[in-house]
Amino acid sequence: MVDSSSWSRALVQISPYTFAAVGIAISIGVSVLGAAWGIYITGSSLIGAAIKAPRITSKNLISVIFCEAVAIYGVIVAIILQTKLESVPPSQVYAPESLRAGYAIFASGIIVGFANLLCGVCVGIIGSSCALSDAQNSSLFVKILVIEIFGSALGLFGVIVGIIMSAQATWPAKAA
């Protein structure tokens with residue numbers, strides 16, 4: 001017998017649509033948080049370093065653009081996950097297939113959201129270093145920019161894993 005207060009009981013009592021909606025919200029919300037955090041880190045260093053070398057302002061905006069791409073990744077995946085939602089008859093809402101679909105969308109949203117959160121912070125820190133280094137020695141800009149591109153690839157890896165996870169979201173077929 002399952003204890004009425006156990007987590008396993010709670011997980012099967014919550015609608016899979018709730019899990020799916022929370023996953024979609026985490027995908028976009030946490031990705032935007034990562035982008036904002038990265039822009040904050042990069043922007044503050046860029047403004048400070050631009051006092052010493054105003055020439056760095058325009059070319060170092062690429063770091064801010066990389067941070068903004070993190071938010072766009074979250075938006076794209078949220079749209080993809082939204083298209084995975086399907087209506088099922090009330091009798092099928094808690095069917096194992098429905099639960100699996102809801103959990104898959106939830107897991108996908110968490111993976112994408114937190115991968116993009118960490119990617120935004122990573123790109124922000126590297127962008128900050130890029131701005132400060134460029135203010136000191138302009139020959140370092142391209143070298144650090146390459147590292148920043150590798151950092152931004154982390155967000156793409158999260159998107160790819162999220163899309164693979166969302167492929168598991170198949171809802172029960174409607175009765176004809």
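Select helix H4 together with helix H5 in this predicted model, and look at where they meet: on the H4 side the contact is made by Ser63, Phe66, Cys67, Val70, Tyr73, Gly74, Val77 and Leu81, while on the H5 side it is made by Ile105, Ser108, Gly109, Val112, Asn116, Cys119, Gly120, Val123, Gly124 and Gly127. Sorted by class, the residues of this contact between H4 and H5 are 10 nonpolar and 8 polar, with no charged ones. If you turn the view until both helices lie in front of you, you should find their axes 9 Å apart and at an angle of about 175 degrees. Because angles over 145 degrees count as roughly antiparallel, H4 and H5 are described as roughly antiparallel to each other.

Next, keep H4 selected alone, as residues 61–83, and compare its length with what is expected: its 23 residues should span 33 Å at 1.5 Å a residue, and the C-alpha atoms at its ends are indeed 33 Å apart. Which residues of H4 are buried? Colour Ser63, Phe66, Cys67, Ala69, Val70, Ala71, Tyr73, Gly74, Val77, Ala78 and Leu81, since these are the buried residues of the helix. The elements that cover them include H2, H5 and H6, and the tour will visit each of these helices.

Stay on H4 for one residue, and select Ala78, which is found in this helix. Ala78 is buried, because its relative accessible area is 8%, and a residue counts as buried under 20%. Leaving out residues up to four places away in sequence, Ala78 touches Ile24, Ser27 and Ile28. For a sense of distance, draw a line from the C-alpha atom of Ala78 to that of Leu154, which lies 76 residues away in sequence and 18 Å away in space.

Now add helix H6, residues 141–166, and view it beside H4. The axes of these two helices come within 11 Å and cross at roughly 5 degrees, and H4 and H6 are therefore roughly parallel to each other. The residues of their contact divide into 12 nonpolar, 4 polar and 1 charged. From H4, Ile62, Ser63, Phe66, Tyr73, Val77, Ile80 and Leu81 take part, and they meet residues of H6 that include Phe141, Leu145, Glu148, Ile149 and Ser166.

Ser166 deserves a selection of its own, as it lies in H6 and, with a relative accessibility of 1%, counts as buried. Apart from neighbours within four places in sequence, Ser166 is in contact with Leu81, Lys84 and Ser108.

With H6 still shown, bring back H5, residues 96–136, and look along the pair: their axes come within 8 Å and cross at roughly 175 degrees. That crossing makes H5 roughly antiparallel to H6. The contact of H5 with H6 holds 19 nonpolar, 11 polar and 2 charged residues.

Within H5, select Ile126. Is Ile126 buried or exposed? Its relative accessible area is 15%, and Ile126 is therefore buried. When residues up to four places away in sequence are not counted, Ile126 touches Ile144, Ile147 and Glu148. The C-alpha atom of Ile126 also lies 7.9 Å from that of Gly151, although the two residues are 25 residues apart along the chain.

Move on to helix H2, residues 16–52. This helix has 37 residues, and the distance from its first C-alpha to its last is 55 Å, close to the 54 Å expected at 1.5 Å a residue. At the start of H2, zoom in on Ser15, where a side-chain oxygen reaches to within 3.1 Å of the backbone nitrogen of Tyr17.

Further along H2, select Ala35, which counts as buried at 3% relative accessibility. Its contacts, leaving aside neighbours within four places in sequence, are with Cys67, Val70 and Ala71. Ala35 and Ile14 are 21 residues apart along the chain, and their C-alpha atoms are separated by 31 Å.

The last stop is Pro54, in the loop between H2 and helix H3. Pro54 is exposed, because its relative accessible area is 60% and the cut-off for exposed is over 50%. To finish, join the C-alpha atoms of Pro54 and Phe141, which are 87 residues apart in sequence and 14 Å apart in space.

Technical notes
Residues numbered from 1 in each chain as written. Predicted model: local features only at pLDDT ≥ 70, side-chain atom pairs only at ≥ 80, totals over all residues. Heavy atoms only, no water. Helix = DSSP H or I, 4+ residues; strand = E, 2+ residues; numbered from the N terminus. Buried < 20%, exposed > 50% of the residue type's maximum accessible area, 1.4 Å probe, protein only. Contact = heavy atoms within 4.5 Å. Expected span 1.5 Å × (residues − 1). Polar contact = N/O pair within 3.5 Å; in protein donor to acceptor, adjacent residues only side chain to side chain. Axes fitted to C-alpha atoms, helices over the stretch in contact; angles between N-to-C directions. Parallel < 35°, antiparallel > 145°, perpendicular 65-115°, else oblique. Nonpolar A, V, L, I, M, F, W, Y, C, P; charged D, E, K, R; others polar.
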